[in-house]
Amino acid sequence: MNRPIEDYALLSDLETAAMLGTDGSVDWLCLPRFDSPACLAALLGGADNGFWRVAPVGAAGRSCTRRAYRQDTLVLDSEWETPAGTVRVTDFMPPRTRFPCLVRTVEGLSGVVDMRSELRLRFHHGRVVPWTRPTDSCTVAVAGPDAVWLSADGPVETLRDETSTVTGFTVTAGRRLSLTLAWAPSHQAGLPDVLGVPAETALKETGDFWRRWTGRCRYRGPRRDAVTRSLITLKALTYAPTGGIVAAPTTSLPGHIGGVRNWDHRYCWLRDSTLTLSCLLRSGYREEAAAWVEWLVRAIAGDPAELQAVYGVAGQRLLPETEAPWLPGYAQSQPVRFGNAAMGQFQLDVYGEVLDALWLSQRAGIELPPHVWSLVKSLMRHLRRHWGEADQGLWQVRGPARQFVHSKVMAWVAADRALRLGGLLGVEVPDAWRVMRDDVARQVCRYGWDGRQGSFVQAYGSSALDASALLLPGSGFLPAGDPRVRDTVRALRSLMRGGFMHRYTRGDGVPGEEGAFVSCSLWYANALAAVGETAEAYAVFERVLSVRNDVGLLSEQWDPVERRQLGNAPQAFSHIALVETALRLQPGSADTALSSTIPESP
């Protein structure tokens, strides 16, 4: 049986990530980067799909007594109290230099405790049993292009068989022993260099790295601990070589237990662009914001007709979606998917996201490449011809394309930001862009507004509501004081279930149910604050904070009935929304939304 999603903590070296359960088991690890095949995949199956557990002997199936990240770091301490004594296991991934590694240090706090490490590697997403052999100082497992090394810096007893490597050792009070797992290409001669770094040195350097990074945070408002943890999580989900930020380090954690809403989120979505940039810039992380913009500009280079909603961490475009029938799925939720078919969808909103991000970058003084204006003109030429078409929308629906209101609003944003960016650059802008902006605005206000419900709706000709309407005031399409915005926020209360907001009220081409979306609940808090409902905004914000797990992480969704996390975790979109809402709610914060004049609906 799989452990609850909220049982998992995140470790990262800024190029990949591990998911570590309260039972001391690493059940998910992709090497060497976020979107590589997993070599530990028990999260989506069982023990036979790969795990690495370090815990006291006899503690199988039990959770540690307590655990917490060290202050302002991604170093995790887990304490185990046993009848024989108490130990602390410290887990961390040093920021990458050349090859990735995961270090697990066991320290005796009292008594005498027998420990057991069991490593069961399964390459190619939990499928391939490697050839495992001992060397002079460690164990190496090889399969195809991958080699994983396991070393210990003290005396241990090791047993190996065809399925796993079991290591036993004893710790007394004050004694430490570290186990290090490192990856290298299988053709690499000799030990990975990271195995030559003493564990204590690696721990100090890792802790210092994270403390220096969090020390740059400018946020000083309420619940700073939650904001800092969210920012650390966003940094941990960043692929350092390119600046791309993955939506989550996992795939196929379900939106409904036993259901089919299981997607691969180990990629970079353009829909996150503006909110990510705003979040980083306002929190003091200009370097990370600039790296994200550089990734964005490289990823979208080329024909504007081929602009995708999602790209790989290096900007790659081909992310073919496949299924893995050998994996039973988290809690029998099938299919397990790798890759994402959203790469082939037409999503109109991404043009607005890109141009909004470029404008925000220029306004913040981030240096943009010399060809950026040519890029803007190319995007706008394409958008002027196609903004009236139906698309799959922000939520990447797998049903028929529709005239989504949010997509049209983002087409308006694209034209608006292109005009503003031209002003910042001091270049001439075509009058046709202003005409398009006004045309889109009139159309949205005529066909996207439902006077009977007193709300903007999901799509033209539909009465369904959609939480994406909560983004209206922040986009500048309408000011927060407009009666239509206030009425829409009020109407969207109908999407609340158990105090949390669902995305919409109609089907999306995929069978089954899903949980409430954490990001939508935070958008609701943000919108409430924008329209002056501050007390309720704080209440919603605190309600979301209350469903973080014990180490401060949020998944994509929350089940208010079963009170459990759902969807891929930790989810960047959720943590970005948390930071943005905290920034909105901090005393003295200004309304950052743009103001504009939009015609009244007829």
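**Exercise 1. The surroundings of Pro 570**

Task: Determine which residues Pro 570 touches, not counting residues up to four places away in sequence, and establish whether Pro 570 counts as buried or exposed.

Solution: In this predicted model, Pro 570 touches Leu 10, Met 19, Thr 233, Leu 237, Ala 247, Ala 248, Pro 249, Leu 553, Leu 554 and His 575, once residues up to four places away in sequence are set aside. The next step is to place the residue in the fold: Pro 570 is found in the loop between β28 and α14, the latter covering 572–585. Its relative accessibility is 1%, and because buried means under 20%, Pro 570 counts as buried. Finally, a C-alpha to C-alpha separation of 4.7 Å links Pro 570 to Ser 555, although the two are 15 residues apart in sequence.

**Exercise 2. Thr 233 as a contact partner**

Task: Locate Thr 233 in the secondary structure, and find which backbone oxygen its side chain reaches.

Solution: Thr 233 belongs to helix α3, which spans residues 224–236. Within this setting, the side chain of Thr 233 comes to 2.8 Å from the backbone oxygen of Arg 229. With a relative accessibility of 1%, Thr 233 counts as buried. Leaving out residues up to four places away in sequence, Thr 233 touches Leu 10, Leu 553, Pro 570 and His 575, so that the contact with Pro 570 can be read from either residue.

**Exercise 3. An open sheet of three strands**

Task: Work out in what order the strands of the open sheet containing β27 are arranged, and which of them are the edge strands.

Solution: The sheet is open and consists of three strands in the order β26-β27-β28, with antiparallel pairing. The edge strands are β26 (516–517) and β28 (564–566), each of which pairs on one side only. Between β26 and β27, the latter formed by residues 557–559, the antiparallel pairing runs over two bridges. In residue terms, Ala 516 has Trp 558 of β27 as its bridge partner.

**Exercise 4. Strands paired with β9 and β15**

Task: Trace the pairings that involve β5, β9 and β15, and state how many bridges join β5 to β9.

Solution: Start from β5, residues 51–56, where six of the six residues are buried, so this strand is largely enclosed by the rest of the structure. On the one hand, two bridges join β5 to strand β3 (residues 25–30) in an antiparallel arrangement, with Ser 25 standing opposite Arg 53. On the other hand, β5 pairs with β9 in the antiparallel sense over six bridges, and here Trp 52 has Leu 119 of β9 as its bridge partner. Strand β9, residues 101–120, in turn pairs antiparallel with β15 over seven bridges, Val 103 standing opposite Thr 180. Strand β15 (residues 176–185) is mostly covered, nine of its 10 residues being buried. A further antiparallel pairing over seven bridges connects β15 to β12, residues 146–152, and in that pairing Ala 147 stands opposite Ala 184.

**Exercise 5. Helix α8 and the nonpolar core**

Task: Explain why α8 is described as largely enclosed, and identify what this helix gives to the largest nonpolar core.

Solution: Helix α8 comprises residues 405–425, and its 21 residues reach 30 Å from the first C-alpha to the last, close to the 30 Å expected at 1.5 Å a residue. Of these 21 residues, 17 are buried, so α8 is largely enclosed by the rest of the structure. The helix is followed by Gly 426, whose phi is positive, near 70°. Turning to the core, the largest nonpolar one has 198 residues, among which Trp 52, Leu 358 and Met 380 touch the most other members. The most is given to this core by α8, with 11 residues. For Met 380, the contacts beyond four places in sequence are Leu 355, Ala 414, Ala 415, Ala 418, Trp 433 and Met 436. A second, separate core of seven residues includes Tyr 267, Trp 269, Val 310 and Leu 319.

**Exercise 6. Confidence along the chain**

Task: Decide over which residues the pLDDT is below 50, and how many contacts that stretch has in the model.

Solution: The protein chain averages a pLDDT of 94, and 98% of the residues score at least 70. The pLDDT is below 50 over residues 592–602, a stretch that has 35 contacts in the model beyond near neighbours in sequence. Where pLDDT is low, the predicted coordinates should not be read in detail.

Note on methods: Residues are numbered from 1 along each chain as its sequence is written. This is a predicted model: local features need pLDDT of at least 70, side-chain atom pairs count only at pLDDT 80 or more; totals for chains, interfaces and linings use all residues. Side-chain values use heavy atoms; hydrogens and water are left out. Two strands pair if DSSP finds at least two bridges between them. Helices (H or I, at least four residues) and strands (E, at least two) are DSSP runs, numbered from the N terminus. The expected span of a helix is 1.5 Å times one less than its number of residues. Buried means under 20% relative accessible area, exposed over 50%, partly exposed in between (1.4 Å probe, protein chains only). A polar contact is a pair of N or O atoms within 3.5 Å; within protein, one must be able to donate a hydrogen and the other to accept it, and residues adjacent in sequence count only if both atoms are side-chain atoms. Contact means heavy atoms within 4.5 Å. A nonpolar core is a set of buried Ala, Val, Leu, Ile, Met, Phe, Trp, Tyr and Cys residues joined through side-chain atoms within 4.5 Å. pLDDT is the predictor's confidence in each residue, from 0 to 100.
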